[in-house]
Amino acid sequence: MSTIDQSRLLQMRSSILNQNQALQRAAGRGSEGAGVDAAGGTPDFGTAINNALQQVNAQQTKASELSEAYERGDTHDIVSVMIERQKASLGFETTLQVRNKLLSAYRDIMNMPV
C-alpha cells in the first residue's frame with residue numbers, strides 16, 4: 001500500500017477551495033453570503049445555515065405565490081409554476097437531509113467515550 005503524500009493532499013485541497021471560490025464569484029455571491037465571518041475571514045457555521053434556511057424559505061414563498069397566482073388566473077404559465085414548486089421541494093428535501101446528518105453527527109459525538 002502506498003503512503004499518502006501530505007503536500008499533494010494540501011495542493012488538491014487548495015485547488016478545490018479555489019474552484020469553489022471561483023464558482024461563488026461566478027454565481028454572484030462572493031464571500032459575503034457564504035457564511036464567512038467578516039472580522040477574521042473564518043467560516044461561521046451558524047451564519048451559513050441561517051442563510052441556507054432563508055434561501056429555502058424564500059424559494060418556498062415564491063413557489064406558493066406563483067401557485068396562488070395560477071389558481072386565481074393571474075398567470076397561465078403552468079411550466080414556471082411547476083418548476084418553482086420543484087425547486088422549493090428540492091430545497092426542502094436537501095434541508096431535511098442536512099438536518100438528519102447533523103442530528104446523526106450530534107448523536108455520534110454524544111456517544112463517544114470521554
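Here is a short chat about how a few labels in this predicted model come about.

Colleague: What makes up the chain, in terms of helices and strands?

Modeller: You'll find three helices and zero strands, so from the N terminus on the order reads α-α-α.

Colleague: And how do you know which element the predictor is most confident about?

Modeller: Look at the mean pLDDT of each element: H3 has the highest, at 93, while helix H1 (residues 6–26) has the lowest, at 80. For the chain, the mean pLDDT is 83, and 83% of its residues reach 70 or more.

Colleague: Why are H2 and H3 called roughly antiparallel?

Modeller: Check the crossing angle. The axes of H2 (residues 45–72) and H3 (residues 78–110) cross at roughly 150°. Angles over 145 count as roughly antiparallel, so H2 and H3 get that label. Their axes come within 9 Å, and the crossing of H2 past H3 is left-handed.

Colleague: Which residues of H2 and H3 meet there?

Modeller: On the H2 side they include Phe-45, Leu-53, Val-56 and Tyr-70. The H3 side has, among them, Ile-78, Val-81, Phe-92 and Leu-102. Sorted by type, the residues of this contact come out as eleven nonpolar, six polar and four charged.

Colleague: Now Glu-84. What makes it buried or exposed?

Modeller: The relative accessible area decides. Glu-84 has 9%, and buried means under 20%, so Glu-84 counts as buried. In the chain of 114 residues, 11% count as buried.

Colleague: Where is Glu-84, and which residues is it in contact with?

Modeller: Glu-84 lies in helix H3. Setting aside neighbours within four places in sequence, Glu-84 is in contact with Gln-59, Lys-62, Ala-63 and Leu-66. Those four are among the H2 residues that meet H3.

Colleague: How many of the chain's contacts with a separation of 6 or more link residues 24 or more positions apart?

Modeller: Such pairs account for 29% of them.

Methods:
Residues numbered from 1 in each chain as written. Predicted model: local features only at pLDDT ≥ 70, side-chain atom pairs only at ≥ 80, totals over all residues. Heavy atoms only, no water. Axes fitted to C-alpha atoms, helices over the stretch in contact; angles between N-to-C directions. Helix = DSSP H or I, 4+ residues; strand = E, 2+ residues; numbered from the N terminus. Parallel < 35°, antiparallel > 145°, perpendicular 65-115°, else oblique. Left-handed = near helix turned anticlockwise from the far one by under 90°. Contact = heavy atoms within 4.5 Å. Nonpolar A, V, L, I, M, F, W, Y, C, P; charged D, E, K, R; others polar. pLDDT = per-residue confidence, 0-100. Buried < 20%, exposed > 50% of the residue type's maximum accessible area, 1.4 Å probe, protein only.
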